[in-house]
Amino acid sequence: MYGREALLRELRDALAPPPSPLTAHPAARTTAHPAPGPPVVVLTGPGGVGKTALALHTAHRLAARFPDGQLYADLRGSHASPADPPETAARFLRALGVDGQDVPTDADERVADLRSRLAGRSVLLLLDDVRDETQLRPLLPADGGCAVLATSRNRLTGLTALADARVLGVGTLTPADAAALLAGLVGAERAGADRVATAEVARLCGRLPLALRIAGARLAARPDWTVAGFRDRLAQQHHRLDQLAAGDLDVRAGIALSYRSLGPGLRTALRRLALLESHSVPGWVVGTLAGRPAEPWLHDQLVERNLLETCGRDQAGQPRYQLHALVRDFARERTLTEDTEEERNAAVERVLRAWLALASEAAGRLGHGGVLDPVTPAPGGPPDAADAADAADAADAARDRPERWFAAEQANLLNAALHACRLHLPELAGDLALQLSGYLVIRFYEAEREAVVRAAIASWGDRPTADRRLSRLHFALCWTLYQQDRYAELTDAAERGLRVARDLGDPEVVADAAWQLGRATALRGRLTEAAAYYRRTVEDAEHLGLSARAHVYALTGLANVLADLGEPTEAVRSYQQALERHPGADRTRVVMLLRCAEAHSDAGQGARALELLTAADAIVRAIGDDVGAAHVERGRALVDLAHGRWHAAHDRLTGVLATLRTQRETSGEAGVLRSLGDAALGTGRWDDARHRLDDALALYARMDLPVEIARTRARLAVVHRLAGDPAPAHRHADACRALLLRHALGPACLRLPAHVRRLLPPADVTT
């Protein structure tokens, strides 16, 4: 009874006889309080969880408590032909000494005779594998001296109407108890020789006692097998149930008993749940997989039969459900056998399109600014589950709690997009990837975003398409490469995106792709070339009458390059024009506010910079953008530096550094390290400044950003000169001049704080 000690104690207490009327408190011995009925306890759980073994163990240990004996019957509730209660009553009567010819022929009389003969006795009735309440109730004794212990694969919640009935759930074992059970079967020495493999076998058995006993029996019978080798057999998911059979013990057969007891709709829903690669799903998915017309409350019915597990409520408030791993294996076998490929694909597609409809609703309310323009979803709508309440709950969660809904469904949406790729539905895959992309941006899940976007792009293959989704996906790929500081790859990705956009021939899409290529050009240090590029883009947007969004991107790109060239006044003018065209409170506006604030700070306009940062702060807090909030604090630190508030800047930057390192935002980390070096320079801590700047230089060198490298080397030249190290000071100054010369840039592009600029001899940066 590994891991069942607490349940055994609860069972013993629950089966204790009720107080005798003779020993009860006098106040309780009244006609208004009749003698209590017998205790009734039902152990409920999935097949193979050990209910029968637990019941038999309990009955054996309680034998002395029931001196008039015990009656056992297998009611075969999980079989096609369950036992008839009157027939079971007849068996019990014969066991109590009634001659066969004296057993009443009438069913009701037979049950009444059983209760009469149990009166005044102390008997434990052990009823195994009960189908439902109607099979159990006729067998319940009336006398409080008896007790009933039953097992069932169904929850029998109707029994709780009886005052003395309790339903106790029996679950799978904990990881430690499962491993201990397995070790007890194969031998402690053998299991202990490879504890990792033993734990893995227990996990692959779903910590189900029947599966563990079969695994242990097979290993015990084959001493030439290693535990690790058997683990590898179990890891072959499509053949796992084949390994979990030994003699008359068979996990597959046990699950099949429960499966065959279901109606057609429940069987369809159960087996099709295995089609989704989901850890857990909300309730509407179950009905949507089954298709119309579907029975209502399918998920609740499967839970009642212990074939579907509840997982509590998710962040958005939706109840969630999951299949046990071995039930999932069985369900996969059944859907491959009983459903055609067309039926399987149609069921999955219904769910994917429903997830898309919900994702589109949530994305539109998230405020990420990542959706470039509305993309018409493929035909489909909100969940069409038979239960209107499930569909309404899902729609409410997506509409009212969009960030929490995305957090709850992120894994499912990623799998949904990949599943659409496998079904050769590139439009659906693209829509799912794009709708999910904005949430992934806010939460900085860039590796996941890149994976799903690349998969969606690949699903199109090499065939030309007039669908703008493909261009949008290439745009999203450029964004995620930029966010991950993979600038060497960004140029190639931007050029591919521009080719796809030109093939499409849509000026709006071409403008977006051109913007990405301009940014890649600027990052390679060709700022003058990028500025000319963006000026043409701004002119084209005006000439072609493109959307406000196209103007915003073009103006922002130009402003970024002007700021990097050391022209803050011109940069602010372009930022202001972009902000006027984009009033929405989303992440796009946050980025513009941050960049514009930095330009104001460069121009010595700290008060205006702080106003913009306050506006940005309100947006990032509203949309839950932790990385954006960190960049707001970095902007405030830059204002502190401009006004000589070194310690305040240092404190802000230290907190920001921790956040950006957690999010693995390398470019942001490098910028903060450099600003910490600026703060150390302001307080005269040369060694601290050098260490910070050396760390920043290493990061910028790894990203191969020539302008940022030049800016950092200029500061290092100052630090080493102040520290009395002329050789490294000259080396950094020479390297800085060489970079500026190579890219035809002037000293203004170094964007040095005033206190650093005053310490830097002009000769160090004059080209």
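A residue is called buried when its relative accessible area is under 20%, exposed when it is over 50%, and partly exposed in between (1.4 Å probe, protein chains only). Tyrosine 439 is buried, at 4%, while tyrosine 445, at 31%, is partly exposed. Keep in mind that this is a predicted model, where local features need pLDDT of at least 70, side-chain atom pairs count only at pLDDT 80 or more, and totals for chains, interfaces and linings use all residues. Residues are numbered from 1 along each chain as its sequence is written, and side-chain values use heavy atoms, with hydrogens and water left out.

Now for the rings. Rings of Phe, Tyr and Trp (its six-membered ring) pair if their centres lie within 6.5 Å; planes under 30 degrees apart are stacked, over 60 edge-to-face, and the rest tilted. That rule gives 14 aromatic pairs here. Take tyrosine 439 and tyrosine 445: their ring centres are 6.4 Å apart and their planes meet at 50°, so this pair is tilted. Tyrosine 482 and tyrosine 487 make a tilted pair too, because their centres are 5.9 Å apart with planes at 55°. Both of these tyrosines, 482 and 487, are buried. They also belong to a cluster linked by ring pairs, together with Phe475, Trp479, Trp515 and Tyr553.

Trp479 has a charged visitor as well: the charged end of arginine 519 sits over the ring of tryptophan 479, 4.2 Å from its centre. "Over" means that NZ of Lys or CZ of Arg is within 6 Å of the ring centre and within 35 degrees of the ring normal. Arginine 233 does likewise with tryptophan 225, at 4.3 Å from the ring centre.
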